[in-house]
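Reader: I would like to learn how to read a model of this kind, feature by feature. Could we take the general idea each time and then turn to the case at hand?

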Amino acid sequence: MQFELGTDGPKVIVVGVDGSDTSMRAGAYAAGLARRQRARLVVVYVTGAPAASRLIAEAAGAVEQAISESVEDMRRQVREGALHAGISTEFIAVRGDPYQELVRIATELRADAVVVGASRRFGHRFVGSLAVRLVKSGRWPVTVVP
């Protein structure tokens, strides 16, 4: 009998965080799920340099510093949250498109579930949010936390 992803409950849960309220609630939800299921929790923080910083050389250093600080702040928040929840986590910070990076990492890790926060952006109702795109990909069960 061939193993199917997700049939025995999640063993690898990937959660995308970006610092927004909804993504932080998604992180807390995923931590609770990982604790109850005794699953591996992988927290993915995707950043990208604003387009303007590539055009203005003087701004690039400041932007890099701000990104580095935000990554370390998120790493600290994840570590503290994991201690509070009594679980271990893996923190991955990458640069790029959030959808493409979450798909890539979840595929590489053979994730059983993906958790993300609901988008609060008005335009996403028409264009499609990260959550909608992940659900439409049909690769994993996706939980969208409001």
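Reader: Among contacts in the protein between residues at least 6 apart in sequence, what percentage join residues at least 24 apart?

Author: This is a predicted model, and every statement that follows should be taken in that light. Among contacts between residues at least 6 apart in sequence, 77% join residues at least 24 apart. Of the 146 residues of the protein, 38% count as buried, while the exposed area amounts to about 8900 Å², with carbon and sulfur atoms supplying 53% of it.

Reader: How many helices and strands does the protein have, and in what order do the elements run from the N terminus on?

Author: There are 6 helices and 5 strands, and read from the N terminus on they follow one another as β-α-β-α-α-β-α-β-α-α-β.

Reader: In what order do the strands form the sheet, and is the pairing parallel or antiparallel?

Author: The 5 strands make an open sheet whose order is β3-β2-β1-β4-β5, with parallel pairing. At its edges stand β3 (89-95) and β5 (142-145), each of which pairs on one side only. On average, and with direction ignored, neighbouring strands of this sheet are turned by 20 degrees against each other. For one particular pairing, take strand β1 (residues 12-17) and strand β4 (residues 113-117), which are joined in the parallel sense over 3 bridges; here Val15 stands opposite Val115 in β4.

Reader: Which strands does helix α4 touch, and which of its residues are buried?

Author: Helix α4 (residues 98-108) packs on the sheet and touches β1, β2 (40-47), β3 and β4, its direction making about 135 degrees with that of β3. Its buried residues are Tyr99, Glu101, Leu102, Val103, Ile105 and Ala106, and what covers the buried residues of α4 includes β1, β2, β3, β4 and α6. Just after α4, Arg110 takes a positive phi of about 55 degrees. Helix α6 (residues 130-137), for its part, lies across β4 and β5 and runs at about 160 degrees to β4.

Reader: How should I read the charged side chains, and how many salt bridges does the structure hold?

Author: The general idea is that side chains of opposite charge can pair when their charged atoms come close. In this structure there are 7 salt bridges. Two of them share Arg104 in helix α4: the side chains of Glu101 and Arg104 meet at 2.7 Å, N to O, and those of Arg104 and Glu108 meet at 3.1 Å, N to O.

Reader: Why are Glu101 and Arg104 separated by about one helical turn?

Author: Glu101 and Arg104 are separated by about one helical turn because they are 3 residues apart in helix α4. Arg104 and Glu108 also both lie in that helix, 4 residues apart, again about one turn.

Reader: Is Glu101 buried or exposed, and how do Arg104 and Glu108 stand?

Author: With a relative accessibility of 13%, Glu101 counts as buried, since the cut-off for that class is under 20%. Arg104 is partly exposed, at a relative accessible area of 34%, whereas Glu108 is exposed, at 54%. Elsewhere, salt bridges that share partners join Asp73, Arg76 and Glu80 into one network.

Reader: Where do Glu64 and Arg95, which form a salt bridge, lie in the chain?

Author: Glu64 is in helix α3 (residues 57-85) and Arg95 in strand β3, so that pair, 31 residues apart, links distant parts of the chain. The closest N and O atoms of Glu64 and Arg95 are 2.8 Å apart. Glu64 counts as partly exposed at 37% relative accessibility, and Arg95 is likewise partly exposed, with a relative accessible area of 42%.

Reader: Which element has the lowest mean pLDDT, and which the highest?

Author: Where pLDDT is low, the predicted coordinates should not be read in detail. The mean pLDDT of the protein is 85, and 82% of its residues reach 70 or more. Among the elements, helix α5 (residues 124-127) has the lowest mean, 46, and β1 the highest, 97. Over residues 123-127 pLDDT stays under 50, and for this stretch the model has 2 contacts beyond four places in sequence.

Key: Residues are numbered from 1 along each chain as its sequence is written. This is a predicted model: local features need pLDDT of at least 70, side-chain atom pairs count only at pLDDT 80 or more; totals for chains, interfaces and linings use all residues. Side-chain values use heavy atoms; hydrogens and water are left out. Two strands pair if DSSP finds at least two bridges between them. Helices (H or I, at least four residues) and strands (E, at least two) are DSSP runs, numbered from the N terminus. Axes are lines fitted to C-alpha atoms, for helices over the stretch in contact, and angles run from 0 to 180 degrees between N-to-C directions. Contact means heavy atoms within 4.5 Å. A salt bridge is a side-chain nitrogen of Lys or Arg within 4 Å of a carboxyl oxygen of Asp or Glu. Buried means under 20% relative accessible area, exposed over 50%, partly exposed in between (1.4 Å probe, protein chains only). pLDDT is the predictor's confidence in each residue, from 0 to 100. Accessible areas come from the Shrake-Rupley method with a 1.4 Å probe; for residues, only the protein chains shown count as cover.
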